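User: Could you take a close look at one part of this model for me? I'd like a connected walk-through, not a list.

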Amino acid sequence: MSRVGRAPIAVPSGVKVAIDGRSVSVTGPRGSLSHEVVGDITVRQEGDVLVVERPDDQRRNRELHGLTRTLVNNMVVGVTSGFAKDLEISGVGYRATQKGQDAIELALGFSHTVTVQAPEGVSFEVPAPTRITVRGNDKQVVGEVAAKIRKLRPPEPYKGKGVRYAGEVVRRKAGKAAK
């Protein structure tokens, strides 16, 4: 049995879970999220605990068991505390500025600045000109937005300039050898 799928999900006080057939909806202080359960996996609520079960040990059900449990747990965490991804910008003249609550403007060495709009449920913070924090309730959307920002100017291996995740290590290459 899946170690991840077997673990119960604790539902904190102030969080409401509604299970309607294949649909699981979680509502908490930060908003609400919903997920459509695939396959033969079942989610049931026992008091203040959610249990994810699979009907048998077929390969497909084993694959979906831990995945479904993790997705439902991420919804519970998202509506209680939310998720955040930190990005760092390195390079001379590379910087970020806040444009309202739902947009940032990036100077990344292009001839123009790049404006990034936040999708629904995501917000940006710029605590310093070289740091960006992407916040939201849905872990998948937060990671996707952070990846799109990083993709605008990924860190290059020679000087390390570009946008990287906080704590990401970029392997450096040696430049041209002098004669």
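**A serine and the salt bridges**

Analyst: Leaving out neighbours within four places in sequence, S123 is in contact with Q101, T133, V134 and R135. Keep in mind that this is a predicted model. S123 itself sits in strand β11, which covers residues 122-128. Its relative accessible area comes out at 19%, and because the cut-off for buried is under 20%, S123 counts as buried.

Strand β12 spans residues 131-136, and that brings us to the charged pairs. In general, side chains of opposite charge can pair when their charged atoms come close. Searching the whole structure turns up 9 salt bridges, and here are some of them.

Start with R131, whose side chain meets that of E88 in a salt bridge, 3.1 Å from N to O. R131 belongs to strand β12 and E88 to strand β7 (residues 83-90), so this pair ties together parts that are 43 residues apart in sequence. What about accessibility? R131 is partly exposed at 31% relative accessible area, and E88 is partly exposed too, at 25%.

Next up is R150, which forms a salt bridge with E168, with the closest N and O atoms 2.7 Å apart. Here a helix is involved: R150 lies in α3 (residues 139-152), while E168 is in the segment after β13 (162-165), so the pair links parts that are 18 residues apart in sequence. R150 has a relative accessibility of 22%, which makes it partly exposed, and E168, with 25%, is partly exposed as well.

Some of these bridges also hook up with each other: R44, E46 and E53 are joined into one network by salt bridges that share partners.

Then there's D57, which makes a salt bridge with R54, the closest N and O atoms being 2.8 Å apart. Now look at the burial of the two partners. D57 is exposed, at 54% relative accessibility, because the exposed class begins over 50%. R54, on the other hand, is buried, with a relative accessible area of 13%. So this bridge pairs a buried arginine with an exposed aspartate.

Back to where we began: S123 is buried in strand β11, and its contacts include T133, V134 and R135. Strand β12, at residues 131-136, is also where R131 lies, the residue that forms the salt bridge with E88.

How values were computed. Residues are numbered from 1 along each chain as its sequence is written. This is a predicted model: local features need pLDDT of at least 70, side-chain atom pairs count only at pLDDT 80 or more; totals for chains, interfaces and linings use all residues. Side-chain values use heavy atoms; hydrogens and water are left out. Helices (H or I, at least four residues) and strands (E, at least two) are DSSP runs, numbered from the N terminus. Buried means under 20% relative accessible area, exposed over 50%, partly exposed in between (1.4 Å probe, protein chains only). Contact means heavy atoms within 4.5 Å. A salt bridge is a side-chain nitrogen of Lys or Arg within 4 Å of a carboxyl oxygen of Asp or Glu.
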